[in-house]
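User: I am new to this model and would like a careful look at one part of it, followed by whatever helps to place that part in its wider setting.
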Amino acid sequence: MPSDTSGARRGAGLIGRRAECAVLDALVNDVRAGRSRTLVVHGEPGIGKTALLEHLAGAPGCRVVPGGGVQAEMEVAYAGLHQVCAPLLGHLGELAEPQRAALGAVFGISAGPAPDRLLVSLAVLSLFSAAADHRPLLCLIDDQQWLDRTSAQILAFVARRLGAEAVGLVFATREAGRDLAALPRLRVDGLRPADARALLDDVLPGPIDARVRDQLVAETDGNPLALLELPLSLTPAELAGGFGLPGATPLPGSVEEAFGRRYRALAEPARLVLLTAASDPSGDPSLVYRAVAGLGIETGAATTAHEAGLADFGARIRFRHPLARSAVYHCAPPADRLRVHRALAEVTDPRADPDRRAWHRARAVPGPDEEVAAELAQSADRAKARAGLAAAAAFLQQAATLTPGPERRVDRALSAAQAELAAGALDATVDLLVLAEAGPANDFQQAQADLVRARLAFVTNRGSDAPLLLVNAARRLESVDPGLSRATYLDALLAAIFAGRLAGRGGDLLEVARAAGDAPPSRDDRRGPDLLLDGVAATVNHGYAAGLPVLREAVREFGAGLTVEEELHWLYLASIVALRIWDDGAWDTLSARHLRLARDTGALSELPLALTSRSYLLLFSGDLVGAASLSDEVRAIEELTGSNLAPYGALALAAFRGDEPVARTVIRDAVGDVTNRGEGVGITFAEWATAVLCNGLGRYGEALEAGLRAVEYDHDPGQLIWVYPELVEAAVRSDHHDLALDAQARLAAMTTVCGSDWALGIQVRGEALLAEGKAAGDRYRESLEHLGRTRMRVQLARTHLLYGEWLRRERRHLEAREHLRTAYARLEATGIGAFADRAARELRAAGSTVRKRVDACRFDELTAQETQIAAMARNGLSNPEIATRLFISAHTVQYHLRKVFAKLGVTSRAQLAQALPR
């Protein structure tokens, strides 16, 4: 951790920081008591954040691990994480094998494939927890704003996931950005005037004119580092009273400028020693001394540099403050920086540290250099192998800048843009596209640039202009790469599905499908993606029946002959196509494979879509706890990567659970979010969720209105397969039979030709709602038979409810009670709250008593996370396995299980099977 006296120390304490120290001491007490704590200490440079971390570093009874960001290492993936984890690697053997392997690969301990960043994050959390088992742990991260992007995201993720471990994680940063937004904060402001004056009195060698002192205090605004540094630039005469009247003469420059003046005052050899140390962030003195020797500078110059007070040349080279390092580097003439980086490159081992050598070489050349650019490209490949996408993008970006050949420069700029897009650096992606498009790009390169720009638009807002951009890219690719053109048309169709009613001009699904229908023919028309393209386009262009056979073949044969990358890219679309053709078996298989493949390969960009698709399968299968776990996992990934997907899982869960205040909030927020981003399909889902909620609550008029709003955009009937059944039920119950008949006809146009048990079960249930007498009873029983052969357990339970309600109105109370009890038991056990309450009301009206089971009452006392953990423990998962699923530590799992046992009145995991409803 950099040495920084800006905290204004006096004796053993800090001047004017009593309140801040009290907050930090309370944090330490909690950690020693076994409670996890996080804190973001933020304020302007020089305000004393480092000194407050040093106060924590002396905490008794704790193991303290320091770390911090270095501005020059922001491009090096995992650089910050390595500082924190390296002292703890002795506990690596206590981690589960996948986590141990992930950290081993990241830190070069063992060979292996590129690890999943989410797995690395969980491994770091487990490593902290394992270390805290032996002694309470304090991790102190200084200069968080200068951490490399990967380390910053992982450490922030870990901070949000700490629960019941004896771990304290404290960040010091200038501003608490998005990564740290949800964590507790401690703002550090300037010292009060009395404390600032006391600090000056402590550090000045002699008396100071009172007016000068007051001016210093006022103009530094109590910043401790400024109070310590700026007086050093004043003469004794000025300090004694020749400074002038307050406000008459401004103080010299900023703190960084004060460091710069001290640097420029040194002799050239000492300046070059300091510049060499500032140019290599490793802090390795032997490396710096070898480079200095290569410059022909005697080692005695290091003593002069040390005496200047800007850096401490000890076992590690530490600058007094990051601003001192910055001042040294930026005050040096460009020619000196080139000389120093060249010297550092020459003494850096090309085998042990090839990437740092390439980094120095890149800064040692005055202009384009193909040899250095090629070396940077190789560094990018190594960074990708360590899952350092941000570092790979940085190396590629610099490689593109240094590439002399225009055609190769365009290639590298496009590769860098793709890497930046994968790493989530959207602004950098735009800059690199500008660089690529400035060169003499050939047709293929221009088409690639169009494709990156289109995918950037899709990632940015999941709709809006993305469909048209993708169509234009696909058209440009037709003549240069027909296969990539077809894949891009399929991308465009998916983007148009997402954009829905909010698509920009030329990007509506009807327009995109017409363009896709004219795509170049496939070389192998039996490949899954090609079948998907032809089938989706035919469905939109010529009707549901026209595309159904092709889509069935696509789903049945999907995966054959595809690479893992191709499967990952298209499995989401294949899964939702299975849903759209009412094939619950294929939906189950494909969504499970998509999730497994995304997890196994660490494809974080695909994982939110895979989790969402799978969560809906679980939801309709009646596993709300499993669906909730996957929905939570989506949020965890968004925290880690900054990706953006509407909360589809949360929408459906809230609607099914029937908690109206929660559901209304989730729905309102989702509509605002998708509207801002142009993701029209989200509006359809939100209206569907509203219809489900209101049907459960028995407010059929409101459900009807929501259903009608959902079907206003009917260019994509596949979006409406869940809306139509809600609309039929709501319309019948609110006496709008004409609307019910219309919705039923639109539903039957799909289900009749599809003919699966799921499709026919929903179809004949709608017919039963519209029928009377014996015909209605026959249709309800037929629906139960069909749905009983599917995974759609929630729809089966709701059909029992509708049949029981009809039987009660027919005064067949004995039969009604049988179906209503079945509906109530299944809906209540799975947590379908509003519909369960509706079944309970009908049961009472049918003359039956409704008693909630004792274990169910106790179950209701559990929090959402306790419910998930309890269900997983009941199903045989170990604490580490549960921790992996929920992205928490095994300690936190055990902590919640103790609370579960107390609430349910059980003493072992074996008793959970009886205590928990299924």
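Which helices do the buried residues of H4 pack against?

Analyst: This is a predicted model, in which local features need pLDDT of at least 70 and side-chain atom pairs count only at pLDDT 80 or more, while totals for chains, interfaces and linings use all residues. Residues are numbered from 1 along each chain as its sequence is written, and side-chain values use heavy atoms, with hydrogens and water left out.

Helix H4 (a DSSP run of H or I, at least four residues, numbered from the N terminus) covers residues 97-106, and its buried residues (under 20% relative accessible area, 1.4 Å probe, protein chains only) are Gln99, Ala102, Leu103, Gly104, Ala105 and Val106. These buried residues pack, with heavy atoms within 4.5 Å, against helix H5 (117-134) and helix H45 (879-886). After H4 comes Gly108, which has a positive phi near 75 degrees.

A positive phi also occurs at Trp582, about 60 degrees, although this residue is not a glycine. Trp582 sits in the loop between helix H28 (564-580) and helix H29 (584-601), and it is buried, at 1% relative accessible area.

Trp582, Trp688 and Trp722 have the most contacts inside the largest nonpolar core, of 145 residues, a core being buried Ala, Val, Leu, Ile, Met, Phe, Trp, Tyr and Cys residues joined through side-chain atoms within 4.5 Å. H28 supplies the largest share of this core, 10 residues. Apart from this core lies another, of 42 residues, including Val65, Val84, Leu95 and Ala166.

How values were computed:
Buried means under 20% relative accessible area, exposed over 50%, partly exposed in between (1.4 Å probe, protein chains only). Helices (H or I, at least four residues) and strands (E, at least two) are DSSP runs, numbered from the N terminus.
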